[in-house]
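Q: I'm new to this structure and would like a close look at one part of it. Could you walk me through the open sheet and what packs on it, and then show me where that part sits in the whole?

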Amino acid sequence: MTALRLADGVRATRILGIGSTQPERVVTNDDLSRTMDTTDQWIRERVGIVERRFADKDESAEDMAVIAGSKALADAGLAPTDVDTVILANCTSTVPIPNGAAPVADRIGVKAAGAFDLNAACAGFCYSLGVASDLVRAGSAGRVLVIGAEKLTDVVDPVDRANAIIFADGAGAAVVGPADEPGIGPVVWGSAGDMVDLIYMRDERYIYQEGQSVFRWATTQIAPIAIRALDAAGLQPSDVDVLVPHQANLRIVEAIAKRLRAKGAREDMVVADDIVHSGNTSSASIPMALDHMRAAGRVHSGDVALLIGFGAGLSYAGQVVICP
Ligand code: UT7
């Protein structure tokens, strides 16, 4: 039989740099309470959000992706031409053709990029990070720019108080490349398509979610998946320095942290709470939280971070990474 030649892969990968961006416009809970029946107190107590950022009409998810991707490259000390593949995690694109990744790659300056969008909703960044790492390990890509970028305000009914108070806009990115030692653990992912009706685009226009059912799923099912991701990387809960769950609701984040601590995670484990000032930005929330925590000095190079994304699908994905 004729044997095919395989590309030369590498043993290990790591995140080489990260970056993020948010729109200028800050929207407080009091701002929202002027246009819908809600209060600052309700939002703080039930969701944990104090403020979020909304993009302007002419500011797209792709615009934010270009900024976040460029920042991640600069953080890695790389030029756009040092990357050959761009993955755009996104679920709010209103135009399916063309995809977002190709024009974003071109605007960043990545030449002849392998470029594709990946839609796993709020789990999109962790899905994409897993794909990127495996592409590099298999030798199919040299370095991959992974970007999560969302303009959720385009798909949220501005007077729907259940969703308009949660969702927001932004982008976060990471550069994945070869490494001497493993810096990205195996991805653990999956979906529960039988529960797809819990979050979807109603009338192809606005996000609808059965909030309480999703809340129950996230607070009971996600921590065990995070522990599987640790196990896949050969680590214990006590090894985790930083926990970065998707920033869906601060009560969900705290419930996941509590379950991990019950399994041995340390009390001094840093837990991402970026939702407080950024809202829920779907596939952008995890890289954005990591970037903000590093800028605030709460995360340091070499820290062991456990990432876990979850959302519509219902899709989920998680992995351990060593912070750049
Ligand atoms: O990122 C993708 C994955 N998504 C998630 O993980 C979201 C998961 N779900 C949640 O985070 C929460 O379920 C929500 C934030 C969506 C809602 O919070 P909740 O604590 O589950 O509220 P609820 O829907 O059970 O509503 C409780 C009450 C209701 O009033 P009654 O029926 O008890 O009189 C709602 O009408 O709160 C009312 N309510 C509000 N009140 C003031 C709902 N939204 C608001 C609001 N302001 N914005």
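A: Here is a walk through the sheet, followed by a look at some aromatic rings and the chain as a whole.

Keep in mind that this is a predicted model. The sheet is an open one with 5 strands, and if you go across it you meet them in the order S1-S7-S6-S4-S5. The pairing is mixed. Strand S1 (12-21) and strand S5 (114-118) are the ones at the edges. Each of them has a single partner strand, so one of its sides is left with no neighbour in the sheet. The sheet isn't flat either: on average, neighbouring strands are turned by 20° against each other, direction ignored.

Now zoom in on one of those edges. Strand S4 (residues 85-89) runs parallel to S5, and 5 bridges join the two. For a spot to look at, find Val-86, which stands opposite Ala-115 in S5.

Next, the helices. Helix H3 (residues 61-76) packs on the sheet and touches S1, S4, strand S6 (144-151) and strand S7 (169-179). The direction of H3 makes about 130° with that of S1. Helix H5 (residues 124-138) lies across S1, S4, S5, S6 and S7, and runs at about 165° to S4.

Moving on from the sheet, let's look at the aromatic rings. The count comes to 4 aromatic pairs. Take Trp-217 and Phe-310: their ring centres are 6.3 Å apart and their planes stand at 70°, so this pair is edge-to-face. Trp-217 belongs to helix H7 (residues 211-232) and Phe-310 to strand S13 (residues 304-311), so the pair ties together parts that lie 93 residues apart in sequence. Both rings belong to buried residues: Trp-217 has 8% relative accessibility, and Phe-310 has 2%. Ring pairs also bring in Tyr-316, making a cluster with Trp-217 and Phe-310. There's a charge over a ring to find as well: the charged end of Arg-202 sits over the ring of Tyr-208, 3.9 Å from its centre.

Finally, step back to the whole chain. Its secondary structure comes to 10 helices and 14 strands. The radius of gyration is 19 Å, close to the 20 Å that the globule rule gives for 324 residues, so the chain is as compact as a globular protein of that length. Along its principal axes, the C-alpha trace spans about 65 × 45 × 45 Å. Of the 324 residues, 52% count as buried. And among contacts with a separation of 6 or more, 79% come from residues 24 or more positions apart.

Technical notes:
Residues are numbered from 1 along each chain as its sequence is written. This is a predicted model: local features need pLDDT of at least 70, side-chain atom pairs count only at pLDDT 80 or more; totals for chains, interfaces and linings use all residues. Side-chain values use heavy atoms; hydrogens and water are left out. Two strands pair if DSSP finds at least two bridges between them. Helices (H or I, at least four residues) and strands (E, at least two) are DSSP runs, numbered from the N terminus. Axes are lines fitted to C-alpha atoms, for helices over the stretch in contact, and angles run from 0 to 180 degrees between N-to-C directions. Contact means heavy atoms within 4.5 Å. Rings of Phe, Tyr and Trp (its six-membered ring) pair if their centres lie within 6.5 Å; planes under 30 degrees apart count as stacked, over 60 as edge-to-face and the rest as tilted. Buried means under 20% relative accessible area, exposed over 50%, partly exposed in between (1.4 Å probe, protein chains only). A charge sits over a ring if NZ of Lys or CZ of Arg is within 6 Å of the ring centre and within 35 degrees of the ring normal. The radius of gyration is taken over C-alpha atoms; the globule rule is 2.2 Å times the number of residues to the power 0.38.
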